[in-house]
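Reader: I've got this fold open on my screen and would like a close look at one part of it. Could you start there and then walk me outwards through the rest?

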Amino acid sequence: IDLSLSDNQLEGLIPSGIGNLGSLQLLFLHQNQLTGDIPASLGNLSQLQQVRLFANQLTGGLPDLGSCPNLEVYDFGGNQLTGGIPSSTWSLPNLREISLWSNQLSGVIPPEIGNQGYAQTLAIPGNQFGGPIPQELSNLGVATNIQLEWNEFTSLPDVSGLTPNYFGVQGNNLQFGDLEPNVGIPGITY
């Protein structure tokens, strides 16, 4: 089952009953005017493959979708979400796109990011993530789009083995010594 109601004028809350749609695979509610918290019941959708809720006015935290092993796309960008990324996110075996741009998310990116060997997109710009960017980022060998800009990261390890089309790190608290070993990365902006 697919539920695609994107690019409408939908307003109000996402009903918690959405978690009862056990065979839902695609949930597209992006580019509406939805408000309130994302229902925790999304975690009940064990068949979910893609969730796109970007460009709404959603608040609260990100849902824990660790019980959705088929999840490939995790897109909650352009909202007003706070808190951190649930730790279970880094254990999803098929995740290829993590898109959380322009929220108010915070915390650190854990070493478990290296579990996402198939991730093609990691887009988390315009948040309040901080601390060091973990060395395990270099495990994202197939990533073509890495957007870390406009956060509060304090260090960048040598990840010069990456070959993305775009690698953005500008607008953080990095030093020249962080950038120097990485200037040869294709598509880097700093």
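Is Trp150 buried or exposed, and what is its relative accessible area?

Author: One thing before we start: this is a predicted model, and everything below should be read that way. Trp150 is exposed, because its relative accessible area is 53% and the exposed class begins over 50%. If you want to find this tryptophan on your screen, go to the loop between β13 (145-147) and β14 (152-155). Its backbone deserves a look too. Trp150 has a positive phi, near 55 degrees, and is a residue other than glycine. As a rule, most residues other than glycine have a negative phi.

Gln31 is a second case to put beside it. Its phi is positive at about 55 degrees, and Gln31 is not a glycine. You'll find Gln31 in the loop between β3 (26-28) and β4. Gln31 counts as partly exposed because its relative accessibility is 35%, whereas Trp150 is exposed at 53%.

Staying around there, look at Leu10, which sits in the loop between β1 and β2. With a relative accessible area of 31%, Leu10 is partly exposed. Setting aside residues up to four places away in sequence, Leu10 touches Leu5, Asn32, Gln33 and Leu34. Leu10 and Leu29 are 19 residues apart along the chain, and their C-alpha atoms are separated by 8.6 Å.

Leu34 takes us to a sheet. Three strands form an open sheet in the order β2-β4-β6, with parallel pairing. Since β2 and β6 stand at the edges with a single partner strand each, one side of each has no neighbour in the sheet. Strand β2 (residues 11-12) meets β4 (residues 33-37) in parallel over two bridges, and Gly12 has Leu34 as its bridge partner in β4. From β4 to β6 (residues 57-59) there are three bridges, again parallel. There, Gly36 stands opposite Leu58 in β6. In general, such strands pair through backbone hydrogen bonds.

Further along the chain there is more parallel pairing. Strands β8 (residues 82-83) and β10 (residues 104-107) are joined by two bridges, with Leu105 in β10 as the partner of Gly83. Two bridges also link β10 in parallel to β12 (residues 128-132), where Gln128 is the bridge partner of Ser106.

Then there's a sheet of nine strands. This open sheet runs β1-β3-β5-β7-β9-β11-β13-β15-β16, with parallel pairing. Its edge strands are β1 (2-4) and β16 (188-189), each pairing on one side only. β13, which comes just before the Trp150 loop, is one of the strands in this sheet. At the β16 end, two bridges hold β15 (residues 166-168) and β16 together in parallel, and Phe167 is matched with Ile188.

Phe167 also leads you indoors. The largest nonpolar core has 49 residues, and Phe167 is listed with Phe76 and Leu137 as having the most contacts inside it. That is a familiar theme: in soluble globular proteins, nonpolar side chains tend to be buried together. Try clicking on Phe76 for a sense of the surroundings. Leaving out neighbours within four places in sequence, its contacts include Ile38, Val51, Leu53, Phe54, Leu62, Pro63, Leu65, Leu81 and Leu100. Ser99 and Asn103 are also among the residues that Phe76 contacts.

Leu137 turns up once more, this time beside a void. Searching the whole structure gives one cavity of 30 Å³ or more. The largest cavity holds about 40 Å³ of space. Lining it are Ile109, Ile113, Leu122, Ile124, Ile133, Pro134, Leu137, Leu148 and Phe153. By class, that makes nine nonpolar residues, with no polar and no charged ones. Phe153 belongs to this lining, and β14 (152-155) is the strand that follows the loop holding Trp150, which brings us back to where you asked me to begin.

Key. Residues numbered from 1 in each chain as written. Predicted model: local features only at pLDDT ≥ 70, side-chain atom pairs only at ≥ 80, totals over all residues. Heavy atoms only, no water. Core = buried A, V, L, I, M, F, W, Y, C linked by side-chain atoms within 4.5 Å. Buried < 20%, exposed > 50% of the residue type's maximum accessible area, 1.4 Å probe, protein only. Contact = heavy atoms within 4.5 Å. 1 Å grid on protein atoms, 1.4 Å probe; cavity = no way out; pocket = protein on both sides within 12 Å on 5 of 7 lines; lining within 4 Å. Points joined across faces, edges and corners; volume = space filled by probe spheres on them. Nonpolar A, V, L, I, M, F, W, Y, C, P; charged D, E, K, R; others polar. Pairing = 2+ DSSP bridges. Helix = DSSP H or I, 4+ residues; strand = E, 2+ residues; numbered from the N terminus.
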